[in-house]
Amino acid sequence: MLTAFPAGPAHADTAPAPGSVVPDEDPFYDAPADIASYQPGEVVATRPVTPKGLTGVSAWQISFRTNDAHDSPELAVTTLLEPRTPWRGTGPRPVVSVQVAEDSTGTQCAPSYGLASGNGVGAIIATGSAQPILDRGWAAVLPDFEGAASAFMDGLLAGHVVLDSIRATRSAGLGGVGTANPWAVEGYSGGAQATGWAAQLQRSYAPDVQLVGAAIGGIPADPAAVSRYIDGGLVAGFVFAATAGFDSQYPEAGIGAILNAAGRKAMANARGICIIDLLVRFAFRKLADHTTVRDPLAIPSVARVLAANTLGAAAPTMPIYDYHADTDEIVPVAQDNTLVSRWCAAGATVHTVRDLIGEHALEAIVRQNDKLAFLSDRFGGRAPTNTCPR
């Protein structure tokens, strides 16, 4: 394991703080030439950082080897946040892997950079997502689960990164986090998708990673269903961001071959930007207007990739807390209900909560205390609620 500590220049006040340089220009994010020789979850480098907007917290960035959706090696980065106050609870301090809804296509939008630099809306989202966990005295880990290419909605990659982030954090020996700490995972919206994939893949990809529970809210479990629901609407930028992500990570989908001139321009404009720019640039635009076919999602090569990134094929082994507003205007609840049905049929333990009236962003706030109570119960060893049909 390499440990990266910035060299001290002659004038320290002119040196950029660790993590304050955008990832595309920061060597810490560069994979070593021998990345394939590392095991999934093996630490490549670590460095302390000072998180912006958080006080009383020690923080480190950890780079590690993970696998993309095709099991090819790549480098990923995660951030460990640990309260400086001693843990007063029973046993080792609990740790929660918090998957932040990055929902972007640029590495400058990643949680690690947002936390260390304080720049952009990503910094606000990451800080706000971590704070409730830290307030409980738990440690928080925020992985850059979109990977080195910022591949939005690549579920297989996201699940790998989350699980390998946990492996790397356990072995890094930073602060009071090691192999004995209990772990849970949670996320909302785009972060829930990554959390759901980590929960579903844990048994097959990382059986050594034990999780006491997973909390997911407003989850986009089926990318095709979500795309059809919002295509041409106010938040159509998510459709174009996902298309750019699948195009970069799944050449077998053949997306480039069905783009027209407007589509090629749109894909170029959809890359390397954060959520606000995506939503502004692509509001009310329809994907079919940018392709040479009437229904691009139905093309067999595209449909196969979307199906491979649809949750529900295997049951998680840990208890699940799944919450969603029935009137969610961005992520349709029906596809989440389908996910729950599939997981339940496969033997999962799921506590399903549905709110009759609610809005996508507001639902995360409405159910925050219930989510934290679920996680607290899991760390406390209390029996989970199972609303699956018996």
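Select Cys344 and Cys388: both are buried. This is a predicted model, and the tour starts at this pair. A disulfide joins the two residues, with 1.9 Å from the sulfur of Cys344 to the sulfur of Cys388. Show the side chains as sticks and look along the S-S bond of Cys344 and Cys388; the torsion there is about -70°, so the disulfide is left-handed. Now colour by secondary structure. Cys344 belongs to helix H10 (residues 333-345), while Cys388 sits in the segment after helix H12 (368-379), so the bond ties together parts that are 44 residues apart in sequence.

How many disulfides are there by the sulfur-distance rule? The count is two. For the other bond, select Cys109 and Cys274, whose sulfur atoms are 2.0 Å apart. About the S-S bond of Cys109 and Cys274 the torsion is about -95°, so this disulfide is left-handed. The link runs between distant parts of the chain, 165 residues apart. At one end, Cys109 is in the loop between strand S4 (95-99) and helix H1 (111-117). At the other, Cys274 is in the loop between helix H7 (261-270) and helix H8 (275-282). Are Cys109 and Cys274 buried or exposed? Cys109 is buried, and Cys274 is too.

With both bonds on screen, label the bonded cysteines in sequence order: the pairing reads 1-2, 3-4.

Next, select strand S3 (residues 73-83) and pick out Thr79 within this strand. Thr79 has a relative accessible area of 1%, and the cut-off for buried is under 20%, so Thr79 counts as buried. Which residues does Thr79 touch, leaving aside those up to four places away in sequence? Display Trp60 and Gln61, then Ser112 and Leu115, then Ala140, Val141 and Leu142; Thr79 touches each of these.

For the last stop, switch to a surface view and select Leu362, Ile365 and Val366. These residues make a nonpolar surface patch of about 290 Å². Keep Val366 selected and turn the cartoon back on: Val366 is in helix H11 (residues 360-366). Is Val366 buried, exposed or partly exposed? Its relative accessibility is 45%, which lies between the 20% and 50% limits, so Val366 counts as partly exposed.

To compare the two single-residue stops, select Thr79 and Val366 together: Thr79 is buried at 1%, whereas Val366 is partly exposed at 45%.

Methods. Residues numbered from 1 in each chain as written. Predicted model: local features only at pLDDT ≥ 70, side-chain atom pairs only at ≥ 80, totals over all residues. Heavy atoms only, no water. Helix = DSSP H or I, 4+ residues; strand = E, 2+ residues; numbered from the N terminus. Buried < 20%, exposed > 50% of the residue type's maximum accessible area, 1.4 Å probe, protein only. Contact = heavy atoms within 4.5 Å. Patch = residues over 30% accessible without salt bridge, like charges linked within 9 Å, V, L, I, M, F, W, Y side chains within 5 Å. Areas by Shrake-Rupley, 256 points an atom, 1.4 Å probe, with all protein chains shown as cover. Salt bridge = Lys/Arg side-chain N within 4 Å of Asp/Glu carboxyl O. Disulfide = S-S within 2.5 Å.
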